[in-house]
Amino acid sequence: MNLKIIITAPARLEIAEAVKYREAQRPSAGINFWIEFKILAKRLKNFPELYPRFGKRGIRKASMHKYPHAVYDRMAGEELRVLGVVHGAMNLESVKARFA
């Protein structure tokens, strides 16, 4: 299966915010976050059903290894849509309302 990765506008904003925050904490930390995200995105592309479902709308949750963030995605035909990149400290009810 040759899926095309689509990063939605909300996910792009969350990635940019995480990179900016990390970069302000330590030089190169932002780029390391971006690299970690790209590695996970490649894994999602190659194994789209590897991670568990989150809720009932076909959304899956993939945790990042080095950062306390999770990537929420959903397959739509030949596309894998990244819907959000959320910090683990985010209110669980807000996450459920958005993705479950």
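A search of the whole structure, which is a predicted model, turns up four aromatic pairs. One of them brings Phe54 and Tyr72 together edge-to-face, with the ring centres 5.2 Å apart and 70° between the planes. Phe54 sits in the loop between helix 2 and strand 2 (59–63), while Tyr72 belongs to strand 3 (residues 69–76), so this pair ties together parts that lie 18 residues apart in sequence. Both Phe54 and Tyr72 are buried.

Tyr72 also has a second partner. With Phe99 it makes a stacked pair, 4.2 Å centre to centre and with 5° between the planes. Here the link runs from strand 3, where Tyr72 lies, to helix 3 (residues 92–99), which holds Phe99, so parts 27 residues apart in sequence are tied together. The relative accessible area of Tyr72 is just 4%, and the residue counts as buried because the cut-off for that label is under 20%. Phe99, at 2% relative accessibility, is buried too. Taken together, the ring pairs link Phe54, Tyr72 and Phe99 into a cluster.

Now for the chain as a whole. It holds three helices and four strands, and from the N terminus on these elements come in the order β-α-α-β-β-β-α. For 100 residues, a compact globule would have a radius of gyration near 13 Å, and the chain, at 13 Å, agrees with that. Along the principal axes, the C-alpha atoms fill a box of roughly 40 × 30 × 25 Å. Of the 100 residues, 37% count as buried. The chain exposes about 6,200 Å², and carbon and sulfur atoms supply 56% of that area. As for contacts between residues at least 6 apart in sequence, 46% of them join residues at least 24 apart.

Charged side chains come next. The whole structure has two salt bridges. In one, the side chains of Glu14 and Arg98 meet at 2.4 Å, N to O. Glu14 is in helix 1 and Arg98 in helix 3, so this pair ties together parts that are 84 residues apart in sequence. The two partners fall into separate burial classes: Glu14 counts as buried at 16% relative accessibility, whereas Arg98, at 25%, counts as partly exposed. The side chains of Glu79 and Arg81 form a salt bridge as well, with an N to O distance of 3.3 Å. In this bridge Glu79 is partly exposed at 27% relative accessibility, and Arg81 is likewise partly exposed, with a relative accessible area of 29%.

Another arginine worth a look is Arg22, which is found in helix 1 (residues 9–25). Its relative accessible area is 18%, and since buried means under 20%, Arg22 gets that label. Leaving aside neighbours within four places in sequence, Arg22 touches Ala29, Gly30, Phe33, Tyr67, Pro68, His69 and His87. One of these contacts, Phe33, is 11 residues away from Arg22 along the chain, and the C-alpha atoms of the two are separated by 7.6 Å.

The loop between helix 1 and helix 2 contains Ser28. The backbone of Ser28 has a phi near 80°, a positive value in a residue other than glycine. Ser28 is partly exposed, with a relative accessible area of 36%.

Further along, helix 2 (residues 29–46) includes Trp34. This residue is partly exposed, at 33% relative accessibility. Trp34 also helps build a nonpolar surface patch of about 350 Å², with Ile31, Ile35 and Ile39 as the other members. Trp34 can belong to such a patch because residues qualify with over 30% relative accessible area and no salt bridge.

Terms used:
Residues numbered from 1 in each chain as written. Heavy atoms only, no water. Patch = residues over 30% accessible without salt bridge, like charges linked within 9 Å, V, L, I, M, F, W, Y side chains within 5 Å. Areas by Shrake-Rupley, 256 points an atom, 1.4 Å probe, with all protein chains shown as cover. Salt bridge = Lys/Arg side-chain N within 4 Å of Asp/Glu carboxyl O. Helix = DSSP H or I, 4+ residues; strand = E, 2+ residues; numbered from the N terminus. Buried < 20%, exposed > 50% of the residue type's maximum accessible area, 1.4 Å probe, protein only. Phe/Tyr/Trp six-rings, centres within 6.5 Å; stacked < 30°, edge-to-face > 60°. Rg over C-alpha atoms; globule rule 2.2 N^0.38 Å. Contact = heavy atoms within 4.5 Å.
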